[in-house]
Amino acid sequence: LYVMDSIIKNVGGLYTRLMMHNLASIFSGAFNEVDNSMRVQLIKLLDTWQTQNVFSQETIDDIRNRLKVILQDPTPRPTAAVQPAYGGVGGGAAAGGYMGNQGVPAQGGAGDA
């Protein structure tokens, strides 16, 4: 969603129109899968789209209605984000930095020492 947000805000035009078609499904699907702290961040993102008129009010309302349904589900949510399997901290791809070959599992093979 953050990549979509960046493309829409920096390029706009055709990309905004293309992404708008499935936006409510994509946004609500992501919202349904994340923990509560990330949900807060996604709602802030949605709020910026509304205040900056990035999408129509109809699209924003559709997303908010879907989120209301999700929030009414009594199923407990995860309480913390899943840590990356490679155990990387700070400066990795998740932090917005370039990882190079860090965190990429080595290819097993005859030439590996």
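**Note on a five-helix predicted model**

1. Asp5 and Lys9 stand four residues apart in helix α1, so about one helical turn separates them. In this model, which is predicted, the two side chains form a salt bridge whose closest N and O atoms are 3.1 Å apart. The partners differ in their accessibility class: Asp5 has a relative accessible area of 11% and is therefore buried, given that the class ends at 20%, whereas Lys9, with 36%, is partly exposed.

2. A second bridge is found in helix α5, where Asp62 and Arg66 are four residues apart and thus separated by about one helical turn. Their side chains meet with an N to O distance of 3.1 Å. Asp62 has a relative accessibility of 33% and counts as partly exposed, and Arg66, with a relative accessible area of 31%, is partly exposed as well.

3. What is the distance between the closest N and O atoms in the salt bridge of Arg64 with Asp47? The value is 2.6 Å. This pair links distant parts of the chain, since Arg64 belongs to helix α5 and Asp47 to helix α4, with their positions 17 residues apart in sequence. Arg64 counts as partly exposed at 24% relative accessibility, and Asp47 is partly exposed with a relative accessible area of 31%. A search of the whole structure finds three salt bridges, and the background to such pairs is that side chains of opposite charge can pair when their charged atoms come close.

4. As for the overall architecture, the secondary structure of the protein chain consists of five helices and zero strands, which gives the pattern α-α-α-α-α when the chain is read along the sequence. Of the 113 residues in the protein chain, 23% are buried. Among contacts with a separation of 6 or more, 59% come from residues 24 or more positions apart. The accessible surface comes to about 7900 Å², and carbon and sulfur atoms account for 56% of that area.

5. The largest nonpolar core has 17 residues, and those with the most contacts inside it are Phe27, Leu46, Trp49, Phe55, Ile63 and Leu67. Helices α1 (2-10), α3 (23-33), α4 (36-51) and α5 (57-71) each supply at least two residues of this core. When residues up to four places away in sequence are not counted, Phe27 touches Leu1, Leu42, Leu45, Leu46, Trp49, Ile63 and Leu67. With a relative accessibility of 0%, Phe27 counts as buried.

6. How many aromatic pairs does a search of the whole structure find? There are two such pairs. In the pair of Phe27 and Trp49, the ring centres are 5.7 Å apart and the planes lie at 65°, so the arrangement is edge-to-face, the limit for that class being over 60 degrees. Because Phe27 lies in helix α3 and Trp49 in helix α4, this pair ties together parts that are 22 residues apart in sequence. The rings of Trp49 and Phe55 form an edge-to-face pair too, because their planes are at 75°, with centres 5.1 Å apart.

7. Phe27, Trp49 and Phe55 accordingly appear as one aromatic cluster. Trp49 is buried, with a relative accessible area of 0%, and Phe55 also counts as buried, at 5% relative accessibility. Phe27, Trp49 and Phe55 are also listed among the core residues with the most contacts, which places the aromatic cluster and the nonpolar core in one picture.

8. A nonpolar patch on the surface is formed by Val11, Leu14, Tyr15 and Leu18, which together have about 400 Å² of accessible area. One of these residues, Tyr15, is found in helix α2 (residues 14-20). Is Tyr15 buried or partly exposed? Its relative accessible area is 41%, so Tyr15 is partly exposed.

9. A point of backbone geometry concerns Asn53, which has a positive phi of about 50° although this residue is not a glycine. Asn53 sits in the loop between α4 and α5. With a relative accessibility of 62%, Asn53 counts as exposed, because the class begins over 50%.

Notes
Residues numbered from 1 in each chain as written. Predicted model: local features only at pLDDT ≥ 70, side-chain atom pairs only at ≥ 80, totals over all residues. Heavy atoms only, no water. Core = buried A, V, L, I, M, F, W, Y, C linked by side-chain atoms within 4.5 Å. Buried < 20%, exposed > 50% of the residue type's maximum accessible area, 1.4 Å probe, protein only. Contact = heavy atoms within 4.5 Å. Patch = residues over 30% accessible without salt bridge, like charges linked within 9 Å, V, L, I, M, F, W, Y side chains within 5 Å. Areas by Shrake-Rupley, 256 points an atom, 1.4 Å probe, with all protein chains shown as cover. Salt bridge = Lys/Arg side-chain N within 4 Å of Asp/Glu carboxyl O. Phe/Tyr/Trp six-rings, centres within 6.5 Å; stacked < 30°, edge-to-face > 60°.
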